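Subject: Handing over the structure

Hi,

Here is the structure I promised to pass on. Have a look at it first, and then read my notes underneath.

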Amino acid sequence: MNREVRVRFAPSPTGALHIGGVRTALYNYLFARKTGGKFLLRIEDTDQTRFVEGAEDYIKDALAWLGISPDESPWNPGTVGPYRQSERKPMYMQYALDLVEKGHAYYAFDTSEELEAMRQRLTAARVVSPQYNSITRTQMKNSLTLPEDEVKSRLESGEPYVIRVKIPRKEEVRLNDLIRGWVMVHSSTLDDKVLMKSDGMPTYHLANIVDDHLMGITHVIRGEEWLPSAPLHVLLYRYFGWEDTMPQFAHLPLLLKPDGNGKLSKRDADKHGFPVFPMDWKDPNTGDTAMGFKEQGYMPDAFLNFLAFLGWNPGDHRELFTLDELIEAFSIDRIGKSGTKFDINKAKWYNEQYLRAKSDEELAEFLLEDLEKEGIPVDKEKAAKIAHIMKERATFPSDLWKEGKFMFVAPTSFDESVVSKRWNNDAVAVLNAYKEKLSGYSEDLSPESAKSLLEEAAEINGIKLGKVMQAVRLAATGVGAGPDLMAVFSIIGKEELIQRIDYALNNLEVNS
RNA sequence: GGUCGAUUCGUCUAGGGGUUAGGACGCAUCCCUUUCACGGAUGAAACACGGGUUCGAUUCCCGUAUCGACUACCA
């Protein structure tokens, strides 16, 4: 039985797509591409009370930003649609009924108060885990305990009901997880989960089995939080008679908080000042905006590379992978088992690697954008030159402007520690001489000419250039560190440089 | 509490019955250099614990501990 691989990413539109979800989508995508299969996107919106406006668009946009493109989705449907569970609503009841007919499910009429009372009763009786199961269902109001005609009349009268799966009392359920190996669970620890809710919508458990079956899903790659309910899903496949086409399961390790323990959450993001969402997300209910990797300056290829390595590795020492290379190298058996703590430093490092690999022209585009916002007109050629000397020291594209601001704006204040250490009579003498040399120089300043003029200025004063270099930098940029100074001079130009030297000479005092 | 899962440097991880336990991020030192950064070199840094099995265990088995997930008419 060699079916075409079909995998799905099935988020629910209840808010921004979490980074863990993005990684799940990525692994599904990589697996599909690697195996020549299909990657589907299915929206799991069976809980109408949790629907959040804009969440679906967010999922779509976030995946698009990263280049994780579904082969089938609500926006480019294939032949097994619809791709939103809310739109598939009419399909589910017949399957639930089929299970009732086969004796694997039953109607239950208990109100939430009655359920609560049951739990309290069991807790009081010191039952360790109060649940609706093979024991307790005999004391509840359902089609197993009620007379047949009463069940019928309740159903006909329109009384609200749910359909629950009837979990056998004693049975060993086993499943062979692609990542974890054999997992065995005894049915006595499972409960009679609700399959159909009283609002006529299926729960996740029913919907995902029915849809995965109908959509021809061959592999279910999802988060570890689903592992405990996986045995239930196996049982459902069996009850439906779909065991021979049951997908294989792969439960991914969780993404953990960087410190301490627990699942990575938005709270951690705020605490540590890094994003957990791919893009900015404005909560329509609170109006709060949560920051995204995109807006923080992470580039999609870098972010993807970073994400792929959170729980997976290629088995060799390579670190930098394009999407195509990831596809080529990917395999499920190289996914780790244990939870992965989130380290934003690694994300930054990846971003730096990708930033440096970009051409000066590409980076100039980012810089030009920022400059336009600041109202500073600069031509492309100059922007590219600046990008060239700045990119080795930038983490984000926005650093080009932030760290290179002095290229456009003359300093009006000077780093005190550098002033006190380096601003001396020698520096003043050299700068005065340099100023004159510059004034007498008729051509455009190149890095080479800037340097030779400076060397001359030092020489006529009998001063070694190295001794005053820091002061020269200070005068021109206001700080003691930065990219190659002669390149900077060439870029800002002769006139600007003279003005800056003048300003420094007039405003800085030589300490004795 | 119960069920399930996990456990190699601070972090991400490779490895797997006999290794100087490898790499990456971060950190430190040195080199390069007009500074910072980049780059290069070097260094500190790990098999959770206890029992087995074995000539030999970090690796296999069993416990313990710790951490996590799940335990809804949420997904």
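Which residues are the closest to RNA strand B? They are Lys197, Glu392, Arg393, Gly482 and Asp484, out of 58 residues that surround the strand. A residue counts as near a strand if one of its heavy atoms lies within 4 Å of it. Of the RNA strand B atoms that come within 4 Å of the protein, 74% belong to sugar and phosphate.

Before I go on, some housekeeping: this is a predicted model, in which local features need pLDDT of at least 70 and side-chain atom pairs count only at pLDDT 80 or more, while totals for chains, interfaces and linings use all residues. Residues are numbered from 1 along each chain as its sequence is written, chains are lettered from A and ligands numbered from 1 in the order in which they are written, and side-chain values use heavy atoms, with hydrogens and water left out.

**The RNA side**

Some polar contacts (pairs of N or O atoms within 3.5 Å) reach the bases. A backbone N or O atom of Gly482 sits 2.6 Å from a base nitrogen of RNA strand B. For Arg473, a polar side-chain atom is 2.8 Å from a base nitrogen of the strand, and for Asp110 a backbone N or O atom is 3.4 Å from one. Helices (H or I, at least four residues) and strands (E, at least two) are DSSP runs, numbered from the N terminus. Helix 12 gives the most to the surface near RNA strand B, with 4 residues. That surface divides into 19 nonpolar, 17 polar and 22 charged residues. Here Ala, Val, Leu, Ile, Met, Phe, Trp, Tyr, Cys and Pro count as nonpolar, Asp, Glu, Lys and Arg as charged, and the others, Gly among them, as polar.

**Helix 6**

Take a look at residues 204-214 too. In this helix 6, 9 of the 11 residues are buried (under 20% relative accessible area, with a 1.4 Å probe and protein chains only), so it is largely enclosed by the rest of the structure. Its buried residues are covered by elements including strand 1 (6-9), helix 3 (89-101) and helix 7 (230-240). One of the buried residues is Asn208, with a relative accessible area of 2%. Leaving aside residues up to four places away in sequence, Asn208 touches Arg8, Arg42, Glu44, Gln85, Arg222, His233 and Tyr237, where contact means heavy atoms within 4.5 Å. After helix 6 comes Gly216, whose phi is positive, near 70°.

**Empty space**

On a 1 Å grid over the protein atoms alone, a cavity is a set of points where a 1.4 Å probe fits but cannot get out, a pocket is an open set with protein on both sides within 12 Å along at least five of seven lines, and lining residues have an atom within 4 Å of a point. A volume is the space filled by probe spheres set on the points, which are joined across faces, edges and corners.

The largest pocket has a volume of about 1100 Å³. It is lined by 39 residues, and Ala10, Pro11, Ser12, Glu225 and Trp226 are the closest to its centre. Helix 1 (19-35) supplies the largest share of that lining, 5 residues.

There is 1 cavity of 30 Å³ or more. Helix 8 (residues 266-272) gives the most to the lining of the largest cavity, with 3 residues, and that lining divides into 7 nonpolar, no polar and 2 charged residues.

Cheers

Definitions and conventions:
Polar contact = N/O pair within 3.5 Å; in protein donor to acceptor, adjacent residues only side chain to side chain. Buried < 20%, exposed > 50% of the residue type's maximum accessible area, 1.4 Å probe, protein only.
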